[in-house]
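Here is the note you asked for, written for someone opening this one for the first time. Keep the viewer open while you read.

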Amino acid sequence: MENPGEKEHAYRVALVAFPGIRAFDVSVITEVWGTDRTDRGAPAFDLRRVAPDTTPVPMRGGLTLLPDRTLDWLPRAELIVIPGLDDHLTSAPTPVLEALRRAHTRGTTIAALCGGAFTLAQAGLLDGRRAITHWNLIDLLRACHPQVTVVPDALFIEDDNIWTAAGTAAGIDLCLHLVRKSHGAEAAATIARSMVTAPFRTGTQAQFIEHPTPRADRDSDALAAVREHALRHLHEPLTVADLAARAGMSARSFARHFTAETGTTPLRWLLDQRIAAAQKLLERTDLPMPEVARRAGFGSEVTMRQHFASRLATSPRAYRTAFSTTALATASVSTGTGSEVAGSSPIAR
């Protein structure tokens, strides 16, 4: 039976709340899934604040969060998101831990931002699985939960339908990635544009760990200019040697500086950009596959298909079928879902 106020056909997301959760992460989750952007072509979301009861949940800074559903609503959720914690050793209420275990058994996707990984670990959901948290909390997570395989340098990671993210901004990365995974790159880009943030970042959190300040900013400026040039010329057969020459560096020096600044290699970064360009073309246009491959810089449809399989676990044709804006618009008209509205925030959409 539909609960009052729920939005039919909207993607249902549960924000799990209990005392000690971080207000920033609550804001990120709410901004991504709790703001109505359907007039811009974004999906309809139904975000619910779920807690053991509907008592206001205190947060740091004198803030409170008012739950609108109890844990009984979790079986309805298609995605469960857990904010990080102000004190990373905060114990989640036993009913929350039990509800998370049941949700995972049902196959519900579960995601934790930053120190929310500690909550998942308390529930035993990370035992024998890979996880990540803020780089400054990695040793603490390992010490408190030695059964967890802590990956030290990812921005976010998935294992058995459980997602964890590194610190603060990486939580935004993970939220946008989860939108992209369920609704396509264009939906994630629409939300990212309204948040004035990048639709996705490549690399690892190694680029954010404290290091001595570089001797000069000249190399960083040169690398930024090279990346901008590469994005404008993705359709060309760019090589690391080409990019290094444009930066005025040897290929070896260029690769070293590039990896230090971005957390990823030049080739991997270039591949990420080409996959993103192909996703956008597949969603927005009806161009034939060979032309999509050419414009994205893959050279051939076969090469593009191989990279989609290895990086996205799907094919370009299957991706277009799932996320083409033309196909989604047709489906929306045929099912009558085009007028559905989710969220209530009137600002910064």
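The points below go from the whole chain to its sheet, its cores and one helix.

1. First, a word on trust. This is a predicted model, and the protein chain averages a pLDDT of 84, with 84% of the residues scoring at least 70. Two stretches need a more careful eye. Over residues 203–218 pLDDT stays under 50, and the model has 32 contacts beyond four places in sequence for them. Residues 327–349 also stay under 50 in pLDDT, with 36 such contacts in the model.

2. Now the general make-up. You'll find 14 helices and 11 strands in the protein chain. Of its 349 residues, 49% count as buried. The chain exposes about 16,400 Å², and carbon and sulfur atoms supply 54% of that area. Take the contacts between residues at least 6 apart in sequence: 67% of them join residues at least 24 apart.

3. Next, look for the open sheet of seven strands. Its order is β5-β2-β1-β6-β7-β11-β10, and the pairing is mixed. The edges are β5 (69–70) and β10 (156–159), each of which pairs on one side only. At the β5 end, two bridges join that strand to β2 (residues 45–51), and the two run parallel. If you want a spot to zoom in on, Ala51 stands opposite Thr70 in β5.

4. Which residues have the most contacts inside the largest nonpolar core? They are Trp33, Ile80 and Leu120, in a core of 73 residues. Helix α5 (residues 169–183) gives the most to this core, namely seven residues. There is also a second, separate core of 16 residues, with Ala185, Leu271, Leu281 and Met289 among them.

5. Leu120 deserves a click of its own. Setting aside neighbours within four places in sequence, its contacts include Ile82, Leu100, Ile110 and Ala112. Leu125, Leu126, Ile162, Trp163 and Thr164 are also in contact with Leu120.

6. Last, try helix α8 (residues 240–247), where the buried residues are Val240, Leu243, Ala244 and Ala247. Why do they line one face of the helix? Seen down the axis of α8, the buried residues fall within an arc of 100 degrees, so they share that face. Turned away from this buried side is the face with the exposed residues Ala245 and Arg246. Just after α8 comes Gly248, which takes a positive phi of about 75 degrees.

Note on methods: Residues are numbered from 1 along each chain as its sequence is written. This is a predicted model: local features need pLDDT of at least 70, side-chain atom pairs count only at pLDDT 80 or more; totals for chains, interfaces and linings use all residues. Side-chain values use heavy atoms; hydrogens and water are left out. Buried means under 20% relative accessible area, exposed over 50%, partly exposed in between (1.4 Å probe, protein chains only). Helices (H or I, at least four residues) and strands (E, at least two) are DSSP runs, numbered from the N terminus. The arc is that of the directions from the helix axis to the C-beta atoms. A nonpolar core is a set of buried Ala, Val, Leu, Ile, Met, Phe, Trp, Tyr and Cys residues joined through side-chain atoms within 4.5 Å. Contact means heavy atoms within 4.5 Å. Accessible areas come from the Shrake-Rupley method with a 1.4 Å probe; for residues, only the protein chains shown count as cover. pLDDT is the predictor's confidence in each residue, from 0 to 100. Two strands pair if DSSP finds at least two bridges between them.
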